[in-house]
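Biologist: I've just opened this one and would like some help reading it. Could you walk me through it feature by feature?

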Amino acid sequence: RFLIEHLQKSYGKKQVLRDVDFAFESGKIYGLLGRNGAGKTTLFNCLNHDIKSDAGAFWLEEDGQRRPLKAADIGYVLSTPTVPEFLTAREFLKFFVEINGCCVPGGLDECFEIVHIAPEDRDRLMKDFSHGMKNKMQMLVNILAQPNVLLLDEPLTSLDVVVSEEMKQLLRSLKAGRVTILS
């Protein structure tokens with residue numbers, strides 16, 4: 001389980017997160033709904049340790065024991081994809097797999113198939129990728145890292161209808177053993 005207890009965050013006098021308290025069960029996909037500015041991304045940024053919360057805590061609970069999250073426990077797909085644009089998709093994926101010790105039995109090309117990146121795009125610089133293709137690369141590396149908690153900030157907004165449906169199916173197939181939260 002992933003537990004959030006009494007999490008709070010303010011920017012000056014504006015309280016964005018007020019006493020956020022929730023228990024997320026492994027193997028389920030959760031959705032955060034709210035208007036723009038409601039605090040969804042702020043919550044994700046606190047959970048990912050990108051910004052410091054004002055109060056509260058969050059934990060992983062395994063076999064009845066709580067422990068703080070480690071960096072490897074969290075995967076975060078940002079709403080605005082951030083990839084090293086000076087690399088090709090293949091160079092980036094190879095670097096990511098090597099640095100993180102990910103097991104890819106079928107090789108890199110099989111990994112690209114997971115998110116349907118065409119063979120002709122795999123050796124292109126990512127600076128030439130569309131927003132949606134950068135999003136796919138960001139999703140792919142977070143899937144390969146196999147985090148316990150996967151945060152997806154508006155992951156489908158830049159994808160066409162067909163790819164969006166493929167991503168939903170992929171997320172359903174990968175939900176076992178992790179908490180998936182999307183806004």
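Biologist: Let's begin with a helix: is helix 4 largely enclosed by the rest of the structure or not, and why?

Modeller: Keep in mind that this is a predicted model. To judge a helix, count how many of its residues are buried, meaning under 20% relative accessible area. For helix 4 that is 13 of the 15 residues, so the rest of the structure largely encloses this helix.

Biologist: How far apart should the ends of helix 4 be?

Modeller: Helix 4 covers residues 131-145, and at 1.5 Å a residue it should span 21 Å; the end C-alpha atoms are 22 Å apart, so the two agree. Right after helix 4 comes Gln146, with a positive phi near 50 degrees.

Biologist: And which way do side chains point along a helix?

Modeller: An α-helix has 3.6 residues a turn, so residues three or four places apart point the same way.

Biologist: Which helix gives the most to the largest nonpolar core?

Modeller: That's helix 4. The core has 30 residues, and Leu93, Phe112, Met126, Met137 and Leu144 touch the most other members. Helix 2, helix 3, helix 4, strand 7 and helix 5 each supply at least two residues, with helix 4 giving the most, seven. Look at Leu144: leaving aside neighbours within four places in sequence, its contacts include Leu93, Phe96, Val97 and Ile114. Another core, of 20 residues, lies apart from that one, and Ile4, Leu7, Phe44 and Cys46 are among its members.

Biologist: Now the sheet. What is the strand order in the open sheet of four strands?

Modeller: The order is 3-8-7-6, and the pairing is parallel. At the edges sit strand 3 (29-31) and strand 6 (74-77), each pairing on one side only. Neighbouring strands are turned by 15 degrees against each other on average, ignoring direction. Four bridges link strand 6 to strand 7 (residues 149-152), and one pair to find is Tyr76 with Leu151.

Biologist: What packs on that sheet?

Modeller: Helix 1 (residues 40-47) does, touching strand 6, strand 7 and strand 8, with its direction about 145 degrees from that of strand 6. Helix 4 lies across strand 6 and strand 7, running at about 175 degrees to strand 6.

Biologist: Last one: how many residues lie between strand 1 and strand 2 in their hairpin?

Modeller: Two, and Gly12 in the turn has a positive phi of about 65 degrees. The strands run antiparallel and are joined by seven bridges; Tyr11 has Lys14 as its bridge partner.

Technical notes:
Residues are numbered from 1 along each chain as its sequence is written. This is a predicted model: local features need pLDDT of at least 70, side-chain atom pairs count only at pLDDT 80 or more; totals for chains, interfaces and linings use all residues. Side-chain values use heavy atoms; hydrogens and water are left out. Two strands pair if DSSP finds at least two bridges between them. The expected span of a helix is 1.5 Å times one less than its number of residues. Buried means under 20% relative accessible area, exposed over 50%, partly exposed in between (1.4 Å probe, protein chains only). Axes are lines fitted to C-alpha atoms, for helices over the stretch in contact, and angles run from 0 to 180 degrees between N-to-C directions. Contact means heavy atoms within 4.5 Å. A nonpolar core is a set of buried Ala, Val, Leu, Ile, Met, Phe, Trp, Tyr and Cys residues joined through side-chain atoms within 4.5 Å.
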